[in-house]
Each structure stands twice: as C-alpha cells, then as structure tokens.
Amino acid sequence: MRRDLGDIWADLTDLVLPVECAGCRQRGPAVRRGFCPACADALEALRPAPARPDPAPPDLPPCHALGPYAGELREALLAYKERGRHGLARPLGALLAEVVAVAVGGAARPVLLVPVPDTAAAARARYGDHLARLARHAGARLRAAGWDVRTARPLRALPRPDSVALDSAGRAAAAESAFRARARAGSGPVGGGRVVVVLDDILTTGATLAAVSRTLRGVGMTPNVAAVLAATQKWRQW
Ligand SMILES: [Zn+2]
C-alpha cells in the first residue's frame, strides 16, 4: 500500500539523514523523534486549555486545544501535513492524547475517538488520512496509560473547494455539505455509552467541527467534546 510505503520512507529518512527538527528546521544529531531538545521542551510545556472561536458556530461542541497555532506547534503541523513527515504522527499523537485526557476531565474514562476525515484527494496526496494516523497514535498512548479507547470513522469527507479561496461565510457553507455518514455496518449502538471525542488538527472558525457534530448527531453519535492540537488566534479561552 502506498500509505505504508510513505510511512516506511519517513522512518528510514529519519534514520539515515541528519534530521531536520520539525519545530525550527535546524539539522543535527540531537534531533530525536523529529524535534531538537529546545523544540521538544517548548511542545511539552504547552498545556491543553479550553478554546472557542468568537463567534462560535451553533453545534460546536466544547473544544480543547494544546496551544495556539504558532511557533513550534505550527511548524510541526506543517511538516507533518504538508511536507510528508509521517514520523511526526507519534509525537503529535501523544500530544493529542494529552488534549483528549484534559477534554474529558482528566480521569480515564471509556472514550470513542472520531477523527475528522480527510477528503479522498487529500488522503491520496498525503499518503493516508493524516488525522486517522494521529488518532491511532493518540489511542495507543491512552491505552498504554490504562484507558479504554475505541476509534470510529463513521464519516467520509466529500470533495470540496479549496478553502483558501473562500471567505468565512463560504467556508461555513462548504463545511456544511462536506461530510456524509458511511453506510451503517449494523454493529450495535453507536457510541456505546462512551465519551465521544471528535479529533481535529487545527481549530479556526469551528465550521468543520460544527458540521461534523451535526452529521454525527444524524447517526446517533452526539459528540461530547472536541480535542485539537492548535487553535488559530481567532479564539478566546474560556
Ligand atoms: Zn527545533
């Protein structure tokens, strides 16, 4: 599978080349798991906090973010999403797991992780769905800490226009029609009494998470909270 080849290539390049830090782009032998010590420290110093765009769209669940979309976190997300650094899924997934833990109240509870799906075109361009990969690592991290975690992918993303070309009203309209529920597999009650946590990478206007929440509600899976890695500056902490 192309996705697997992409992952293997990312791992190999981390082994054989002087690795570029995903946070500051400096190269050196001290780079471990994609980051130099200073950038790793900066990321570890971030603490998940409630975040909400202002204005917030209706149906946006309570959101937590690891930090603002800036500095090392922004660089790392760009490297992971746009420059094919798939190896960053592990550290970024671990950071996302911290956000999930805070978002659901800190104590280990049965959770259902629902990553926002990539469009098929985006997944092809990135050699795999980038949030599904993050969700796998976040889930593994939580399970290692004793959590009861399941992951579901009940939605698919429909092709949509390039959001860069749209204003915020256009983005909201595009987000509204961006997701469809997959055909139900008849696998029992959705959610199953678990805390449903929607995962995304970047919170901007909240239009995507609100649209995902509405679509999930349509299949009986009401999201309790959302966990994201970064929130753009157009937000306020509660
Ligand atoms: Zn660095």
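**Exercise 1.** In this predicted model, decide whether Arg25 is buried, partly exposed or exposed, then find its salt-bridge partner.

*Solution.* Step 1: the relative accessibility of Arg25 is 42%, so Arg25 counts as partly exposed. The limits needed here are under 20% for buried and over 50% for exposed.
Step 2: Arg25 pairs with Glu20 in a salt bridge, and their closest N and O atoms are 3.2 Å apart.
Step 3: Glu20 has 17% relative accessibility and therefore counts as buried.

**Exercise 2.** Find which parts of the chain are tied together by the salt bridge between Asp129 and Arg153, and classify Asp129 and Arg153 by accessibility.

*Solution.* Step 1: the closest N and O atoms of Asp129 and Arg153 are 3.6 Å apart.
Step 2: Asp129 lies in the loop between helix H5 (120-125) and helix H6 (130-144), while Arg153 lies in the loop between strand S4 (149-151) and strand S5 (155-157), so the pair ties together parts that are 24 residues apart in sequence.
Step 3: Asp129, with a relative accessible area of 8%, is buried, whereas Arg153, at 38%, is partly exposed.
Step 4: a network can also arise through shared partners, and one such network of salt bridges joins Glu20, Arg25 and Arg27. The count of salt bridges comes to 10.

**Exercise 3.** Identify the residues that coordinate the zinc ion and determine the geometry of the site.

*Solution.* Step 1: the SG atoms of Cys21, Cys24, Cys36 and Cys39 coordinate the zinc ion at 2.2 to 2.4 Å.
Step 2: along the chain, these donors follow the spacing C-x2-C-x11-C-x2-C.
Step 3: four donors count as tetrahedral if all angles lie between 85 and 135 degrees. The angles subtended by the four donor atoms are 105 to 114°, so the arrangement is tetrahedral.
Step 4: of the zinc ligands, Cys36 and Cys39 are both buried.

**Exercise 4.** Describe the largest nonpolar core and work out where it lies relative to domain 1 and domain 2.

*Solution.* Step 1: the largest nonpolar core has 66 residues, and Leu92, Val197 and Leu209 have the most contacts inside it.
Step 2: helix H4 (residues 89-103) gives the most to this core, namely nine residues.
Step 3: because domain 1 (1-45) and domain 2 (47-231) both give residues to this core, it lies between them.
Step 4: leaving aside neighbours within four places in sequence, the contacts of Leu209 include Leu60, Pro61, Val116 and Val228.

Technical notes: Residues numbered from 1 in each chain as written. Predicted model: local features only at pLDDT ≥ 70, side-chain atom pairs only at ≥ 80, totals over all residues. Heavy atoms only, no water. Donors = N, O, S within 2.8 Å, 3.2 Å for Na, K, Ca; no water. Tetrahedral: all angles 85-135°; square planar, octahedral: opposite > 155°, others 65-115°. Buried < 20%, exposed > 50% of the residue type's maximum accessible area, 1.4 Å probe, protein only. Core = buried A, V, L, I, M, F, W, Y, C linked by side-chain atoms within 4.5 Å. Helix = DSSP H or I, 4+ residues; strand = E, 2+ residues; numbered from the N terminus. Domains from an automatic or database assignment. Contact = heavy atoms within 4.5 Å. Salt bridge = Lys/Arg side-chain N within 4 Å of Asp/Glu carboxyl O.
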